[in-house]
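Here is a briefing on one structure. Start with the strands, then move to the domains and the chain contact.

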Amino acid sequence: MTIQQAAARTAPGADHSAGVSAVPMVAFEGVGKRFGPAGEGGFTALADIDLTVARGAITGIIGRSGAGKSTLIRLVNGLEKATTGKVIVDGIEVGGLGEDSLRGLRRQIGMIFQHFNLLSSRTAFDNVALPLEIAGVDKAVIKAKVGPLLDLVGLGDKANRYPSELSGGQKQRVGIARALATDPKLLLSDEATSALDPETTQSILELLKRINAELNLTVLLITHEMEVVKTIASHVAVIDAGRIVESGRTFDVYANPSHETTRTLLASALNLPEWLRNSIKQVPSAGDRVLVRLVFFGETAFKPLTGRLVAELGSDVNILAGGIEEIGGEPFGSLVVSYSADPAVVARAEQFYAETGLTTEVLGYVA
Amino acid sequence: MSLEMMISLILKSLGQTGQMVAISGLLGSLIGLPIGIFLATSGRGELFPAPMVNRIIGLIVNATRSTPFIIMVVAIIPFTRFVTGTSIGTNAAIVPLTIATIPFFARLVEAAIREIDKGLIEAARAMGATPMQIVFKVLLAEARPALMAALTMTMVSLIGYSAMVGAVGGGGLGDLGIRYGYQRFMPEMMLAVVVVLIVLVQLVQSAGDALARSFDKRNRKN
């Protein structure tokens, strides 16, 4: 089976853009989750979660460790049960399902894990076959199905290898093939790239992106790395202390972060040089300079604004870091500059920003 | 005593030891395996949650394991007679040996299964596996090397235990060593018995290790 055939079977006649329809694949409605006893002894992992995951899209949930994202993703396939509210997957409320129907639903939801969770006693082939065996699929059918899946993830020649003979990236590819074995309509990714090096991370993200496009498979991923969200997610939700603090199109959230947590997460993705990150102060002392991030996107991306800023403030503008990247397919530039914290200079700069519509953010102060 | 006589006595005793160890090892492991699986999977929030039953079985297992074997042999004579119709001989000895093997093997199985990464159980649940499928397709499959090691350890212990059942006329190598080597002052018989036991334990251990290795795919290199 080629990817195209698989895609045709999963979503007949649907092209990618039409796949993003109005009915969400997953909807959280006022979801809360408490662990332990009610009252004092318990722990609230999630509260008031209202979130939808668009069909056919890649949605990222980002947050620091302990923010509740692992619990959140496990509510989708019923590995955890919500204490309050509803989790609805493709029109079915997960909390209302009995064990048997829950198992049926799980067979339509693939999941990949940070530590791959492959069986060490099974070859790559047999690992991919496992969900099919569990679903009671005929041996001959399994045999016909697993090979193409391994081809799809680029491991056609590794079918008889055991996990211990594979690299981290290859293990995750087996994990992805395994998650796709039962033709799921939704793929859950639990920190799937967090144990991988940056290069391997990129190749796994590329694979997920390709699968999303070619199989029209909805992907919900959780991560603590902004880089992951930026690279593949079209939509993002930021979770902090068990609550969704911000959500929307990745580009919008990235360009205009409104919550403190988002900014912190973004800061680590800004690629500020180490020395600069360490020398940022939140309170200026005499003679310090303001450190400002200028963001270029949409209209401002194509104007020669940097030169004009330098002209406006005199030659006192120091460019410290910056770059242009693509987020959700749109160009996005960011430039970190410093200039005198003298109130007159700052006021001139702010007036310039207001006139040109440039988005800026004061990161702090440096000596 | 002639050499031929000694050899024939040793062979006969070796046969009895083999019979006792093989049968009680097989029966004890077959019964101990599900008990061990249950102990490892019936805690709160696990596959077959039944914390109360878990605690009760755990207590029984501990009680059996802390009873000195020689006392158990004597204490369960009525039960042995009920099962085999007699309280002496090799067949009768198999009963206490089996009963001692069950909790021993069960605890080893429990430990082997608890070793397995919880992530694998979660992955199987996420695939829609039933608890029974998880036991057979994940836990037992992944624990195979450790189970093989547990079986080897059980067999080796049984060879030691089987020396004690001479007390109920069970025969076997240990019995031969005591009766001829010690009570009849035949140090050469004692030595021969000890050597045969050492060789036997070595063979069992090596065979078990080799099997465990062949099951173990965790450290394969290209």
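In which sense do β1(A) and strand β2 (residues 43-53) of chain A pair, and over how many bridges? The pairing is antiparallel, and seven bridges hold the record of it for β1(A) and β2(A). This is a predicted model. Chain A carries 14 helices and 14 strands. Its 367 residues are 42% buried.

**Overall build of chain A**

- The C-alpha trace of chain A spans about 75 × 55 × 40 Å along its principal axes.
- Among contacts in chain A with a separation of 6 or more, 71% link residues 24 or more positions apart.
- Chain A is split into domain 1 (3-257) and domain 2 (270-366).

**Strand β1 and its partners**

- Strand β1 (residues 26-35) of chain A also pairs with strand β4 (residues 84-89) of chain A.
- Five bridges join β1 and β4 of chain A, and the two run antiparallel.
- Val26(A) has a bridge partner in each neighbour: Val53(A) in β2(A) and Val89(A) in β4(A).
- In general, strands of a sheet pair through backbone hydrogen bonds, either parallel or antiparallel.

**The six-stranded sheet**

- An open sheet of six strands in chain A follows the order β6-β7-β8-β3-β9-β10.
- The pairing in this sheet is mixed.
- β6 and β10 of chain A are the edge strands, and each pairs on one side only.
- From one strand to the next, the twist averages 15°.
- Inside the sheet, strand β3 (residues 58-62) of chain A runs parallel to β9(A), with four bridges between them.
- Ile62(A) has Val238(A) as its bridge partner in β9(A).
- On the other pairing of β9, strand β9 (residues 235-240) and strand β10 (residues 243-249) of chain A run antiparallel, joined by six bridges.
- Ala237(A) is matched with Ser247(A), its bridge partner in β10(A).
- β9(A) and β10(A) form a hairpin with two residues between them.
- Ala241(A) lies in that turn and has a positive phi of about 50°.

**Between the two domains**

- The C-alpha centres of domain 1 and domain 2 of chain A lie 37 Å apart.
- Eight residues of domain 1 of chain A and seven residues of domain 2 of chain A take part in the contact.
- Helix α10 (residues 250-255) of chain A gives the largest share of the domain 1 side, four residues.
- By class, the domain 1 side divides into three nonpolar, three polar and two charged residues.

**Where chain A meets chain B**

- The contact takes 21 residues from chain A and 21 residues from chain B.
- On the chain A side, α4 (99-106), β6 (109-113) and α5 (124-134) each supply at least two residues.
- α5(A) gives the most, with four residues.
- The chain A side has nine nonpolar, seven polar and five charged residues.
- β6(A) thus appears in two topics: an edge strand of the six-stranded sheet and a supplier of residues to the side that touches chain B.

**Helix α14**

- Helix α14 (residues 343-356) of chain A has 14 residues.
- From its first C-alpha to its last, α14(A) reaches 20 Å, close to the 20 Å expected at 1.5 Å a residue.
- Gly357(A) follows α14(A), and its phi is positive, near 75°.

How values were computed: Residues numbered from 1 in each chain as written. Chains lettered and ligands numbered in written order. Predicted model: local features only at pLDDT ≥ 70, side-chain atom pairs only at ≥ 80, totals over all residues. Expected span 1.5 Å × (residues − 1). Domains from an automatic or database assignment. Contact = placed C-beta atoms within 7 Å. Nonpolar A, V, L, I, M, F, W, Y, C, P; charged D, E, K, R; others polar. Pairing = 2+ DSSP bridges. Buried ≥ 20, exposed ≤ 12 C-beta atoms within 10 Å, placed from the backbone. Axes fitted to C-alpha atoms, helices over the stretch in contact; angles between N-to-C directions.
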